[in-house]
Amino acid sequence: MTSLLNSQRPPLFCPGCSHERVVQALDAALQRLSLAGEQVAIVSDIGCSGLFDTFFHTHALHGLHGRVLTYATGLKMARPELTVIAVMGDGGLGIGGAHVLSCCRRNLDITLLVLNNFNYGMTGGQCSPTTPAAGRTSSGYLNQLEMPLDICRVAVAAGAPWVERLTAFSGGLVERLAAAISFSGFAVTEIWSVCPGRYGKNNRSSPQQLAREAEELGFAGGLVAENAREEYGSHYRRLAAELPLSAAPAAVAVVCQPVVSDRTEVLILGAAGQYINTAGEILCLAGMSAGLQVSQKNDYPITVLRGHSVAEVVLDPAPIGYTGLTSPSLVLCLAAEGVAKRRDLFPRLQGDALVLAASEVELPPTAAEVRRLDFAALRLKPGQRALAAMALLAEEGRVLTVEMLQAGLAHRYRGETLAEARELLARLSRDRGQAPSQRSSTR
Amino acid sequence: MPQIFIDGNEAIARGALHAGCRFFAGYPITPATTISQHMLQLLPPQGGVCLQGEDEIASIGFCLGAAMAGVKAMTATSGPGISLYSEQLSFAIGGEIPLVIVDVQRLGPSTGSATKGADGDIQFLRWGNSGGLPVIVLAPVDAGDCYRLTVHAFNLAERYRCPVFIASNKEIGLTRESVDLDTIALPPLAYREECPPAHSGRPFEPLAGKMVPPFLPLGGARLSRQTSSTHGEDGYITTDTATIARSIARLQAKLNTLEEEGGIDPVEADCRPGDRDLLLVYGVTARAARTALAQLRQEGARISLLVVRLLYPVPEARLRHHFAGKRRIVVVEMNTGQYVREIERLAGPVPVVWFGRMDGELLDPPTITAWVRA
């Protein structure tokens, strides 16, 4: 095979920089694998390692510091057939640590070369996350305060199925790089390098010494048996292939007549667990079933099953402008939490507005008509209150009709849930027929 | 006219699918999260990819990699995520990488209020990148607009090879409403111009007479090259002043024709002959403004309404046309005064007054009516 080195741009590093050895070895490894330039993308980021992509006659992407794996991941997911090689330095390793960990966990088929020369060469030899505490750098004493990072240990702990530590002088460098690139999965290869222009000036180290220290720390051989598993991309595509196509949202057929002829605002005040959001949705679907335009805004805290739950619904025969509520004509007060959230509204309610409130919920003073509902006497659970209140209104033809409510329910629920909702409506209707006095009406 | 009941976030996801989006990556953040959830339902069964990055920086980085592979890509977040996107946004601008970015704005500053709306990121979207080169920002008004403008956003990203923002708002993204998607007029789909065989293959060299270079995908049959560094047409880093100047001038100018040729109606105008005042809004505020306009006209006010949908590049010609001869321009915003800066510089002798509020609540019609009467 022919070399994939860029004949127009020969490798250019500081004299004696071992990065050049890695460039040559990578080229030899790509040749050994019989890869053409079009089959390979070299992705790099900032620092001296970021020069790599320009030296190769392959696809190339050079991006922001520490982010090399983010681009490589998108590229590989979009073009699974491409051989993607990511190159970073010990600086990028520090900045992009979260990406390294995530790539180890994911196991997408990318080869990551970490060119570790123990310092930030390009910016003047500052300490990096891998600088030994005893190293002398332009960062003064700062590196003495921190533990150097052993990326091989971290990568194994994070789930990388291929982890290997080499030096730029390793005899089998070409063969080991070829093996890492051939591996189907995320392969982390750390390559210890010398930086003669910066770190090497004050921290003399021979290739032999480097090799000895690397060997002491271990991680020869690549394969990490405990992390062996299916490659992310093929796994992703296998799971995705089993998914059904997502259906378009179901259209709401107009099947009945509305009872409102103007913009009508409904406020539902309740607590988490009372299906307030769903009640708003059913009211909207009921409105749409009668040909109305609708909108719904919800308000609830970040906690689940605790705190207030508020739904604001607008029904209008005309297109809806403002989606907030200016003057609700109907307020359902189903729990104290919701009422507390909208206390300010009650004094502003108009005299022709209706407040339908659970008997135990205290209300602020209001000019609106207040009707109380004894949900306990009606044998209703908290989660049934909203639907029960709407059923009552529907029977009276206020804001919605029974036909609308039934259409809304049929659109929202299926099977057993729908049957239960219908049964609840039927029971309430029977109960009211027998004991109308249970609907006490007070101010 | 069968209607469906969806919120703005779902409308964006469905618009993206229609536009040919096949790659999405995002990190969960209220109020944008449900866009990711919808994309996860929609894309993988279509052979597309939907990923959840380890953070926002990764998510947009995934998108940049996929976009460079030739795929239409989108990400979605809110203000705090846009902050984290910043370095990658600069890359998308400088590297001319087509990408749609949804900002479902929430109340800031900083982590602010997850469940409160605002339009507080408008200038941030325009300027929140190193280098300050132009971007495209579209502002939807409602769920139907989210659907339509998302298709436009992809078209613009493809045609102009740049990041395109959809400046949504919690009050649009999470508000569900009745929409008839079938009645919404969508543009024909655009695709980035492929690099013809006769082209030099230099990845940033436009064809003769063009401002936007044809696209060579990474992983394609011809070698391609992308870099976040200052580069010449060959895609290699350069320090040559003349090359840099040429490149920056082209990036600065390439959106100049968008107002006329972008295929999008930049401004919705409700104007009557003889109107003296002009109310100017964008985003969700337009909904209340329309109601306020009707009220004011009923009272006899001679007032027009402009709803700006293309916030950036500012549709200067159209705005100037509408401003000419007006007695007063009233700008109303759901922030502390951002887009009004653009209006002031275009208004010439016409006085501009600004009203707005940023407290997490929608501006309502009575408030806007009172401001205009003031």
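**Entry 1: a proline in chain B**

I began at Pro31(B), which sits in the loop between strand E2 (23–26) and helix H2 (33–42) of chain B. I am working with a predicted model, and I keep that in mind throughout. I looked at the bond leading into this proline: the peptide from Thr30(B) to Pro31(B) is cis, with omega near 5 degrees.

I then found another cis bond in chain B, joining Gly108(B) and Pro109(B), with omega about 5 degrees. Pro109(B) belongs to the loop between strand E5 (99–105) and helix H5 (122–127) of chain B. I noted both because most peptide bonds are trans.

**Entry 2: a backbone angle in chain A**

Next I turned to Ser34(A). Its phi is positive, about 55 degrees, although the residue is not a glycine. I found Ser34(A) in the loop between helix H1 (19–32) and E1 of chain A. For context, I reminded myself that most residues other than glycine have a negative phi.

**Entry 3: how the two chains meet**

How many residues does each chain bring to the contact? I noted 60 residues from chain A and 63 residues from chain B. The area buried between the two chains comes to about 4,900 Å², and carbon and sulfur atoms give 58% of that. Which three residues of chain A supply more of its buried area than any other three? They are His59(A), Pro249(A) and Tyr322(A), with 12% of the area that chain A buries against chain B.

I also looked up the polar side of the meeting. There are 30 residue pairs in polar contact between chain A and chain B, counting pairs with both residues at pLDDT 80 or more. On the side of chain A that touches chain B, the elements giving two or more residues are strand E2 (59–62), helix H2 (68–78), helix H4 (97–106), helix H9 (232–241), helix H10 (276–289) and strand E11 (293–299). H2(A) gives the most, with seven residues. Sorted by class, this side of chain A has 30 nonpolar, 22 polar and eight charged residues.

**Entry 4: salt bridges**

I counted salt bridges next. The structure holds 49 over all chains, and six of these cross the interface of chain A and chain B. I followed two pairs that link the chains. In one, the side chains of Glu281(A) and Arg176(B) meet at 3.1 Å, N to O.

In the other, Asp53(A) and Arg225(B) form a salt bridge, also listed at 3.1 Å, N to O. Why does this pair join two chains? Asp53(A) lies in the loop between strand E1 (40–44) and E2 of chain A, while Arg225(B) lies in strand E9 of chain B, so the pair joins two chains.

Arg225(B) came up again when I looked at strand pairing. E2(A) runs parallel to strand E9 (residues 225–227) of chain B, and three bridges join them. Within that pairing, Ala60(A) stands opposite Arg225(B).

**Entry 5: a sheet built from both chains**

I then traced an open sheet of eight strands, in the order E15(A)-E14(A)-E13(A)-E10(A)-E12(A)-E11(A)-E8(B)-E1(B), with mixed pairing. Its edge strands, each pairing on one side only, are strand E15 (369–373) of chain A and strand E1 (4–7) of chain B. From one strand to the next the twist averages 20 degrees.

At the chain B end, E1(B) pairs with strand E8 (residues 176–179) in the antiparallel sense, over four bridges. There I found Ile6(B) opposite Glu177(B). On the chain A part, helix H12 (residues 385–396) lies across strand E13 (330–333), strand E14 (354–358) and E15, and runs at about 140 degrees to E14(A).

**Entry 6: a sheet within chain B**

My last stop was an open sheet of five strands in chain B, ordered E10-E12-E11-E14-E15, again with mixed pairing. Which strands form its edges? Strand E10 (267–270) and strand E15 (352–356) do, as each pairs on one side only. The twist here averages 20 degrees from strand to strand.

Inside this sheet, strand E11 (residues 277–282) and strand E14 (residues 328–333) of chain B are parallel and share four bridges. Leu279(B) has Val330(B) as its bridge partner in E14(B). I closed the notebook with helix H13 (residues 365–373) of chain B, which lies across E11, strand E12 (303–308), E14 and E15 of that chain, at about 150 degrees to E14(B).

Methods: Residues are numbered from 1 along each chain as its sequence is written. Chains are lettered from A and ligands numbered from 1 in the order in which they are written. This is a predicted model: local features need pLDDT of at least 70, side-chain atom pairs count only at pLDDT 80 or more; totals for chains, interfaces and linings use all residues. Side-chain values use heavy atoms; hydrogens and water are left out. Contact means heavy atoms within 4.5 Å. Buried area is the accessible area (1.4 Å probe) that two parts lose on being put together, summed over both. A salt bridge is a side-chain nitrogen of Lys or Arg within 4 Å of a carboxyl oxygen of Asp or Glu. A polar contact is a pair of N or O atoms within 3.5 Å; within protein, one must be able to donate a hydrogen and the other to accept it, and residues adjacent in sequence count only if both atoms are side-chain atoms. Ala, Val, Leu, Ile, Met, Phe, Trp, Tyr, Cys and Pro count as nonpolar, Asp, Glu, Lys and Arg as charged, and the others, Gly among them, as polar. Two strands pair if DSSP finds at least two bridges between them. Axes are lines fitted to C-alpha atoms, for helices over the stretch in contact, and angles run from 0 to 180 degrees between N-to-C directions.
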